[in-house]
Amino acid sequence: MAVDHQKLDDKTYEFRLRKGVKFQDGTPFNADAVVLNMEYFKKAPVKYSKIDQVFDYAEKIDDFTVRFHLKEKYGSFMNDVIWMQFYTEEYLKKNPGGWNGKANCPNLSMPGPYGLGPYILTEGYIEGDRHTSQAVLKANPYYWDMNYPKVETITVYTELDSLAAKEMTLYQEGKLDITIIPPEDKVETILSPYSKLITAPSTDNIAIHINMINGNPVLRNREVRQALNEALNQENLVHFVFEQEADQSPISPLFPGVNNVATELISFPQNRNPYAPVVQSKLKAILSDLKLKVLTQDRFLPLWRGIETQFKRVGVELDIQVLKSEKEIFGPLLKTNSNENTTEWDLLVWGNDDWYFNHPYTVFFVLRTDSVWSTVTPDPVMDAYIENMFRASVEDSEFTDICEKIMQRAYDQAYMLFVPTPHKVFAVNKEVVFKPYRMACIPLWKIEVTNLHWSLRSTETPYPSSLKQPVEIMHVDVR
């Protein structure tokens with residue numbers, strides 16, 4: 001919503017707002033709206049990064065110029081401000097506590113014309129810790145760019161299991177147009193009568209937490225955590241689980257500050273075959289008869305099949321519990337740091353998709369040991385490294401060095417169970433024009449459909465048989 005900005009000093013940023021922008025209810029978006037939103041933000045700020053601690057106040061300079069004041073130097077500010085959500089006064093008054101005051105990023109907690117985006121939430125809601133089974137989005141008639149959106153209505157499903165989503169996309173025209181699929185379903189997608197395959201590198205990551213707080217007590221032993229990581233054959237995971245749709249680095253090499261070190265720093269010994277008899281013997285001596293309880297969504301079951309196979313070789317047994325939605329994963333995860341979780345678990349996985357935009361904090365924030373997102377016991381050294389990262393910006397010369405220190409300590413201490421960085425793999429209706437971003441944000445407003453799309457064809461006109469043949473795989477270059 002800003003047409004330009006300038007950094008006046010280390011603690012002051014000024015933005016010139018786009019003129020003529022309206023909220024979805026037709027009320028004007030201007031400096032007054034920004035200041036009002038930031039006043040509400042102060043009441044209950046999001047606690048995902050450090051913005052809740054460093055933001056001081058917003059100042060109106062004129063109707064379309066606003067100045068943000070911080071309490072201290074904060075190099076990550078521009079990454080935070082990109083995701084600032086601005087709401088109508090009506091919505092803010094209905095939510096007097098502020099934006100949400102939660103650990104996850106903000107989103108509308110109720111349907112209505114309350115935002116600025118290209119789509120109006122008309123049914124349901126989707127927050128990190130709560131959601132309806134589906135949400136319906138309608139095109140915003142007041143959106144500032146008249147070229148978007150290109151599709152009138154979009155329905156988002158939040159609780160479909162992977163098999164149902166695949167069936168609805170590949171074999172049931174008119175049910176589902178875009179879905180993430182496991183790489184093992186690539187060939188089936190290519191042969192589908194209605195879908196095509198789209199793949200792309202990504203800055204998404206898979207976070208497998210090790211419960212050092214109240215999980216199996218042996219997980220507090222660094223030697224055990226290191227052995228679990230050493231037991232994984234990363235090359236085999238890339239080949240057999242991800243079917244080459246992954247980078248062997250456990251942190252995406254597409255992040256600034258990481259790209260120069262991700263392939264050099266790895267979480268497992270280089271040139272060491274975990275299947276070699278001498279290595280297997282050592283790992284069995286440490287891990288044999290270890291039983292671990294796993295919490296996962298069904299989308300990660302192919303990965304767990306691979307991990308389980310490799311763990312069995314060294315005597316580790318997994319009890320895998322499948323939960324139906326991400327909110328059920330976040331429930332026990334976000335209560336573990338404070339030792340308040342009632343669900344027992346030892347390993348927990350979720351899709352740590354990159355929402356932060358071009359900054360590795362997306363991956364590092366689970367290592368900030370005083371955060372609700374962390375299941376690592378207190379580590380002042382790691383926390384100090386992350387504080388240094390907050391102060392620096394990605395353009396600073398020392399940023400890469402800071403990232404290297406964070407990664408090296410995470411690997412040395414084996415704070416997570418590290419697995420390859422996944423690529424994006426989508427099954428998409430053949431009549432849908434869709435190009436993914438490398439980050440988690442899906443550009444719904446840019447999606448287009450052809451005249452042969454099921455929503456535009458007559459109900460009496462079947463999809464042409466000639467178009468049900470396989471089409472060329474779309475590999476999107478987002479590097």
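**Reading bridges, charges and backbone in a predicted model**

Student: How many disulfides does a search of the whole structure find?

Tutor: The search of this predicted model, taken over the whole structure, finds 0 disulfides. A disulfide is a covalent bond between the sulfur atoms of two cysteines. Cysteines can still be looked at one by one here, and among them Cys403 has a relative accessible area of 0% and is therefore buried, while Cys441, with a relative accessible area of 13%, is buried too.

Student: How many salt bridges does the count come to?

Tutor: A salt bridge pairs a side-chain nitrogen of Lys or Arg with a carboxyl oxygen of Asp or Glu, and the two have to lie within 4 Å. By this rule the count comes to 21 salt bridges. One of them joins Asp4 to Arg16, whose closest N and O atoms are 2.4 Å apart. The two residues sit 12 residues apart and link distant parts of the chain, with Asp4 in strand β1 (residues 2-9) and Arg16 in strand β2 (residues 12-17). Asp4 has 34% relative accessibility, so it counts as partly exposed, and Arg16, at 43%, is partly exposed as well.

Student: How far apart are the closest N and O atoms of Lys324 and Glu159?

Tutor: In the salt bridge between Lys324 and Glu159, those atoms are 3.9 Å apart. This pair also links distant parts of the chain, since Lys324 belongs to the loop between β13 (317-323) and α11 (326-336), whereas Glu159 belongs to the loop between β7 (153-157) and α5 (162-170), 165 residues apart. Lys324 is exposed because its relative accessible area is 53%, while Glu159, at 25%, counts as partly exposed.

Student: Which elements hold Glu188 and Lys166?

Tutor: The side chains of Glu188 and Lys166 meet in a salt bridge of 3.0 Å, N to O. Glu188 is in helix α6 (residues 186-190) and Lys166 is in helix α5, with their positions 22 residues apart along the chain. Glu188 counts as partly exposed at 26% relative accessibility, but Lys166 counts as buried at 10%.

Student: Which residues are linked with Asp32 in a network of salt bridges?

Tutor: The network of salt bridges links Asp32 with Lys60 and Asp63.

Student: Which residues form a negative surface patch?

Tutor: Such a patch joins residues of like charge that are accessible and take part in no salt bridge. Here Glu264, Glu398, Asp401 and Glu404 form a negative surface patch. Glu264 is found in the loop between β11 (246-247) and α9 (277-287), and because its relative accessibility is 54%, Glu264 counts as exposed.

Student: Is the peptide bond from Tyr148 to Pro149 cis or trans?

Tutor: The backbone can be read through its angles, and the bond from Tyr148 to Pro149 is cis, with omega near -5 degrees. Pro149 lies in the loop between β6 (134-139) and β7.

Student: What sign does phi have at Asn358, and where does this residue lie?

Tutor: Asn358 has a positive phi of about 60 degrees, although it is not a glycine. Asn358 lies in the loop between β14 (347-352) and α12 (361-364), and at 31% relative accessibility it counts as partly exposed. Ala414, which is not a glycine either, has a positive phi of about 50 degrees. Ala414 has its place in the loop between α14 (399-413) and β15 (421-422), and with a relative accessible area of 1%, Ala414 is buried.

Terms used. Residues are numbered from 1 along each chain as its sequence is written. This is a predicted model: local features need pLDDT of at least 70, side-chain atom pairs count only at pLDDT 80 or more; totals for chains, interfaces and linings use all residues. Side-chain values use heavy atoms; hydrogens and water are left out. Patches are made of residues with over 30% relative accessible area and no salt bridge: like charges are joined within 9 Å, nonpolar side chains (Val, Leu, Ile, Met, Phe, Trp, Tyr) within 5 Å. Accessible areas come from the Shrake-Rupley method with a 1.4 Å probe; for residues, only the protein chains shown count as cover. Lys and Arg count as positive and Asp and Glu as negative; His and the chain ends are not counted. The place of a charge is taken as NZ of Lys, CZ of Arg, CG of Asp or CD of Glu. Helices (H or I, at least four residues) and strands (E, at least two) are DSSP runs, numbered from the N terminus. Buried means under 20% relative accessible area, exposed over 50%, partly exposed in between (1.4 Å probe, protein chains only). A disulfide is a pair of cysteine sulfur atoms within 2.5 Å.
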